[in-house]
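Me: Please choose one part of this structure and examine it closely for a reader who is meeting it here. Then set that part in the context of the whole chain.

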Amino acid sequence: MSNIEQRYLHLFPVCEGIGAWLYPHAEIVLHDLESDTIVRIWNNISRRNIGDASLIEEDVQLPKEADIYGPYEKVNWDGRRLKCVSSVVKDNLGQRIGLLCLNLDISSFDALQGFITSFTSVASSMPPVLSKRDWREQINEVLHLFLKEKNATLEVLARSQKIAAIQFLDEHNLFATRNAAQHVANVLGVSRATIYNWLNKARQK
């Protein structure tokens with residue numbers, strides 16, 4: 001084992017553990033700043049070798065005041081995108097001696113994101129010919145608009161907010177349909193009697 005490697009011996013188990021945890025998606029590289037060489041590399045996806053020139057300046061700037069750099073983006077030799085974080089390694093005197101870099105291959109997530117986007121994207125809303133008589137859909141849309149304005153979800157609505165939601169629906173004349181109160185009750189998880197009670201309170205306001 002070289003003298004350079006001995007300086008970082010205490011970090012080897014940490015790097016090996018991170019490498020095992022993130023295998024095979026992340027590469028861990030330990031650089032020596034003085035010699036500007038790679039000390040060790042785990043999960044090698046960049047096709048570099050121990051002893052190769054680190055060329056740190058090409059990867060990330062090293063202002064003296066920073067101890068962590070990133071996340072920043074790099075491109076691997078095969079075109080895959082890498083999300084990278086680099087941490088400064090110091091000796092017992094606090095001197096900067098090395099750099100520990102974690103390079104995560106995120107190209108597979110790009111493909112997954114593209115699939116999710118194509119699968120969930122919708123070109124347009126429901127055609128009016130289909131929705132104009134669907135009072136349930138109209139209630140759902142107006143209730144969603146209320147939640148969006150309040151930046152809230154149904155699960156966290158307080159009682160006063162639910163009454164405000166009832167008032168909002170009533171202002172859009174959505175309780176004119178016979179079964180509307182039951183549908184709103186089902187959505188809010190309360191009884192129809194509670195909906196009528198809240199509706200009276202909302203109209204009194």
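A close look at one helix

Reply: His183 is located in helix H8 (helices, H or I of at least four residues, and strands, E of at least two, are DSSP runs numbered from the N terminus). The model is a predicted one, in which local features need pLDDT of at least 70 and side-chain atom pairs count only at pLDDT 80 or more, while totals for chains, interfaces and linings use all residues. Residues are numbered from 1 along each chain as its sequence is written, and side-chain values use heavy atoms, with hydrogens and water left out.

Is His183 buried or exposed? His183 counts as buried because its relative accessibility is 15% (buried is under 20% relative accessible area, exposed over 50%, partly exposed in between, with a 1.4 Å probe and protein chains only). Which residues does His183 touch, once its neighbours within four places in sequence are left aside? Its contacts (heavy atoms within 4.5 Å) are then with Trp135, Arg136, Ile139 and Asn140. Of these, Ile139 returns below as a member of the largest nonpolar core.

His183 is one of several buried residues in H8: Ala180, Ala181, Val184, Ala185 and Leu188 are buried as well. The buried residues of this helix pack against H6, H7 and H9. After H8 comes Gly189, which has a positive phi, near 75 degrees.

The surroundings of H8 lead to the largest nonpolar core, which has 24 residues (a nonpolar core is a set of buried Ala, Val, Leu, Ile, Met, Phe, Trp, Tyr and Cys residues joined through side-chain atoms within 4.5 Å). Within this core, the residues that touch the most other members are Ile139, Ile166, Leu169, Phe175, Val184 and Ile195. Two or more residues each come from helix H6 (135–150), helix H7 (159–171), helix H8 (180–188) and helix H9 (192–204). H6 is the greatest contributor to this core, with 6 residues. In soluble globular proteins, nonpolar side chains tend to be buried together.

Ile166 offers a second view of the surroundings of Val184 and Leu188. With neighbours within four places in sequence left aside, Ile166 is in contact with Val184, Leu188, Phe175, Ile195, Trp198 and Leu199. A second core, separate from the one described above, has 11 residues, among them Tyr8, Cys15, Leu30 and Val39.

How is the whole chain built? The protein chain contains 9 helices and 5 strands. Read from the N terminus, its elements follow the order α-α-β-β-α-β-β-β-α-α-α-α-α-α. The chain has 205 residues, and 34% of them are buried. Among contacts with a separation of 6 or more, 44% join residues 24 or more positions apart.

Charged side chains add another kind of link. The structure has 10 salt bridges (a side-chain nitrogen of Lys or Arg within 4 Å of a carboxyl oxygen of Asp or Glu). One of them joins Asp32 and Arg7, with an N to O distance of 3.4 Å. This pair links distant parts of the chain, with Asp32 in strand S1 (residues 26–32) and Arg7 in helix H1 (residues 3–7), 25 residues apart. Asp32 is buried, as its relative accessible area is 2%, whereas Arg7 is partly exposed at 33%.

Arg7 also forms a salt bridge with Glu34, where the closest N and O atoms are 3.4 Å apart. Here too distant parts of the chain are linked: Glu34 is in the loop between S1 and strand S2 (37–42), Arg7 is in helix H1, and the two are 27 residues apart. Glu34 is exposed, with a relative accessible area of 67%. Arg7, Asp32 and Glu34 are thus linked in a network of salt bridges.

A further salt bridge joins the side chains of Arg80 and Asp78, at 2.6 Å from N to O. Arg80 is partly exposed, with a relative accessible area of 27%, and Asp78 is partly exposed at 34% relative accessibility.

To return to the starting point, His183 is a buried residue of H8, a helix whose buried residues pack against H6, H7 and H9.
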